[in-house]
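Good morning, and thank you for joining this session. I shall go through one fold, beginning with its sheet and ending with two individual residues.

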Amino acid sequence: MIFKDKVVALLNQGLSEKPSVFLIDLTITEAMKIIVTLDGDQGVTLQDCIDLNRVIENNLDREEQDFSIEVASAGVSTPLKLVRQYKKNIGRTLKVKTATDVMEAVLADANEEFITLTWTAREPKKIGKGKETVDKKIELPYSEIKEAIVTITF
């Protein structure tokens with residue numbers, strides 16, 4: 001079994017013990033640095049990272065292959081990648097980039113094919129002068145999303 005396959009098997013074993021935590025990214029560099037990025041339905045705790053680190057580290061032999069390991073949660077500015085991440089962030093504001101547009105809107109819904117974004121905009125009145133506030137809504141397929149980041153408001 002090659003090194004990466006061992007790491008993937010151990011990671012899957014560790015994640016099976018924590019069903020609310022899921023894998024965002026696994027990278028193994030040429031220098032044999034294992035980088036695991038996690039997210040969770042209720043967030044990721046330090047203990048979650050420690051537990052997964054131990055499952056991997058304690059079951060690999062450094063005599064066979066020297067390595068280093070880093071297990072961390074997805075950061076605040078990390079773009080969303082998985083449908084599960086979109087679903088857990090329903091109700092929060094996202095900054096979404098498409099090929100032609102950048103928009104900041106509330107994630108109203110997410111399913112397997114697309115997300116639904118809502119926002120308010122000031123537009124010219126249809127009759128008369130001035131502007132009116134209009135509620136906007138768009139269903140955006142995942143294939144059109146280049147990047148989506150949760151925005152933090154204080």
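In which sense do strand 1 and strand 2 pair, and over how many bridges? Strand 1 covers residues 21–28 and strand 2 covers residues 33–40; their pairing is antiparallel and runs over 7 bridges. Please bear in mind throughout that this is a predicted model. One of the bridges joins Ile 28 to its partner in strand 2, Ile 34. The two strands make up a hairpin, with 4 residues between them. Within that turn, Met 32 has a positive phi of about 65 degrees.

Let me now turn to the sheet as a whole. The sheet is open and consists of 3 strands in the order 1-2-3, with mixed pairing. Strand 1 and strand 3, the latter at residues 68–73, are the edge strands, each pairing on one side only. From one strand to the next, the twist averages 20 degrees.

As general background, strands of a sheet pair through backbone hydrogen bonds, in either a parallel or an antiparallel arrangement. Here, strand 2 and strand 3 are paired in the parallel sense, over 6 bridges. Across this pairing, Leu 38 stands opposite Ser 73 of strand 3.

Two helices pack on the sheet. Helix 1 touches strand 1 and strand 2, and its direction makes about 165 degrees with that of strand 1. Helix 2, residues 46–57, touches strand 1, strand 2 and strand 3; its direction makes about 155 degrees with that of strand 3.

I come next to the first of my two residues. Is Leu 26, in strand 1, buried or exposed? Leu 26 counts as buried because its relative accessible area is 18%, and the limit for that class is under 20%. Setting aside residues up to four places away in sequence, Leu 26 touches Val 7, Val 8, Leu 11, Ile 34, Ile 35 and Val 36. By contrast, Thr 98 lies 72 residues away from Leu 26 in sequence and 25 Å away in space, C-alpha to C-alpha.

My second residue is Lys 18, located in the loop between helix 1, residues 3–16, and strand 1. Lys 18 is likewise classed as buried, because its relative accessibility is 18%. Which residues does Lys 18 contact, leaving aside its neighbours within four places in sequence? The contacts are with Asp 48 and Asp 51. With Asp 48 there is also a polar contact between the side chains, at 3.2 Å.

That concludes my presentation, and I welcome your comments.

Key:
Residues are numbered from 1 along each chain as its sequence is written. This is a predicted model: local features need pLDDT of at least 70, side-chain atom pairs count only at pLDDT 80 or more; totals for chains, interfaces and linings use all residues. Side-chain values use heavy atoms; hydrogens and water are left out. Two strands pair if DSSP finds at least two bridges between them. Buried means under 20% relative accessible area, exposed over 50%, partly exposed in between (1.4 Å probe, protein chains only). A polar contact is a pair of N or O atoms within 3.5 Å; within protein, one must be able to donate a hydrogen and the other to accept it, and residues adjacent in sequence count only if both atoms are side-chain atoms. Contact means heavy atoms within 4.5 Å. Axes are lines fitted to C-alpha atoms, for helices over the stretch in contact, and angles run from 0 to 180 degrees between N-to-C directions.
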